[in-house]
Amino acid sequence: MSKIPMTVVGAEKMRHDLDRLKKEERPKIVKAIEEARKHGDLKENAEYHAAREQQSFIEGRIKELEAKLSHAQII
């Protein structure tokens with residue numbers, strides 16, 4: 001992957017967003033999944049499926065931000 005040009009401010013915003021996703025959003029989703037599992041049958045549990053979908057989105061965003069930051073070229 002080639003270098004991704006970004007400003008210092010842009011890189012800091014990405015780092016902040018990444019930190020927030022890892023430290024705030026990820027634990028919230030894990031807790032929501034645990035709560036939804038307590039409601040019983042997972043096949044028809046809309047809360048569980050919504051939480052898993054949100055978890056998938058957050059994990060994808062974390063990977064995207066980590067990749068961009070690892071290839072960042074500060075300009």
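Biologist: Which residues is D17 in contact with, once its neighbours within four places in sequence are left aside?

Modeller: In this predicted model, D17 is in contact with R61 and L65 when those sequence neighbours are set aside. D17 has its place in helix α1, while helix α2 covers residues 46–70, the range in which the numbers 61 and 65 fall.

Biologist: Is D17 buried or exposed?

Modeller: The limit to keep in mind is that buried means under 20% relative accessible area. D17 has a relative accessible area of 18%, and it is therefore counted as buried. For the chain as a whole, buried residues make up 23% of the 75 residues.

Biologist: How should I read the packing of the helices α1 and α2?

Modeller: Two packed helices are described by the angle between their axes and by the distance between the axes. Here helix α1, residues 8–37, packs with helix α2, residues 46–70, at an angle of about 160°, and their axes are 9 Å apart. Angles over 145 degrees count as roughly antiparallel, and α1 and α2 are therefore roughly antiparallel to each other. The crossing of α1 and α2 is left-handed.

Biologist: How many nonpolar, polar and charged residues are there in the contact of α1 with α2?

Modeller: Sorted by class, that contact has 14 nonpolar residues, two polar residues and 12 charged residues.

Biologist: What lies in the loop between α1 and α2, taking G40 and K43 as cases?

Modeller: G40 lies in that loop and is partly exposed, with a relative accessible area of 35%. From G40 to A50 the separation is 10 residues in sequence and 15 Å in space, C-alpha to C-alpha. K43 is also found in the loop between α1 and α2, and with a relative accessible area of 74% K43 is exposed. K43 and Q73 are 30 residues apart in sequence, and their C-alpha atoms are 45 Å apart in space.

Biologist: In what order do the elements of the protein chain run from the N terminus on?

Modeller: The protein chain has two helices and two strands, and from the N terminus on these run β-α-α-β. The strand β2 takes in residues 72–74, and I74 is found in it.

Biologist: Which residues does I74 contact, leaving aside those within four places in sequence?

Modeller: With those neighbours left aside, I74 is in contact with M6, T7, V8 and A11. The C-alpha atoms of I74 and M6 are separated by 5.2 Å, although these residues are 68 residues apart along the chain. I74 itself counts as partly exposed, at 43% relative accessibility.

Biologist: Where is V8 found, and what does it touch beyond four places in sequence?

Modeller: V8 is found in helix α1, and, not counting residues up to four places away in sequence, V8 touches I74 and I75. V8 is exposed, with a relative accessible area of 52%. A sequence separation can also go with a wider gap in space, as for V8 and I58, which are 50 residues apart in sequence and 24 Å apart in space, C-alpha to C-alpha.

Biologist: What share of the contacts with a separation of 6 or more comes from residues 24 or more positions apart?

Modeller: Residues 24 or more positions apart account for 74% of those contacts in the protein chain.

Biologist: Why is the protein chain, with its order β-α-α-β, described as more spread out than a compact globule?

Modeller: The protein chain, with its two helices and two strands, has a radius of gyration of 16 Å, which is well over the 11 Å that the globule rule gives for 75 residues, so the chain is more spread out than a compact globule. Taken along the principal axes, its C-alpha atoms fill a box of roughly 50 × 20 × 10 Å.

How values were computed
Residues are numbered from 1 along each chain as its sequence is written. This is a predicted model: local features need pLDDT of at least 70, side-chain atom pairs count only at pLDDT 80 or more; totals for chains, interfaces and linings use all residues. Side-chain values use heavy atoms; hydrogens and water are left out. Axes are lines fitted to C-alpha atoms, for helices over the stretch in contact, and angles run from 0 to 180 degrees between N-to-C directions. Angles under 35 degrees count as roughly parallel, over 145 as roughly antiparallel, 65 to 115 as roughly perpendicular and the rest as oblique. A crossing is left-handed if the near helix is turned anticlockwise from the far one by less than a right angle, and right-handed if clockwise. Ala, Val, Leu, Ile, Met, Phe, Trp, Tyr, Cys and Pro count as nonpolar, Asp, Glu, Lys and Arg as charged, and the others, Gly among them, as polar. The radius of gyration is taken over C-alpha atoms; the globule rule is 2.2 Å times the number of residues to the power 0.38. Buried means under 20% relative accessible area, exposed over 50%, partly exposed in between (1.4 Å probe, protein chains only). Contact means heavy atoms within 4.5 Å.
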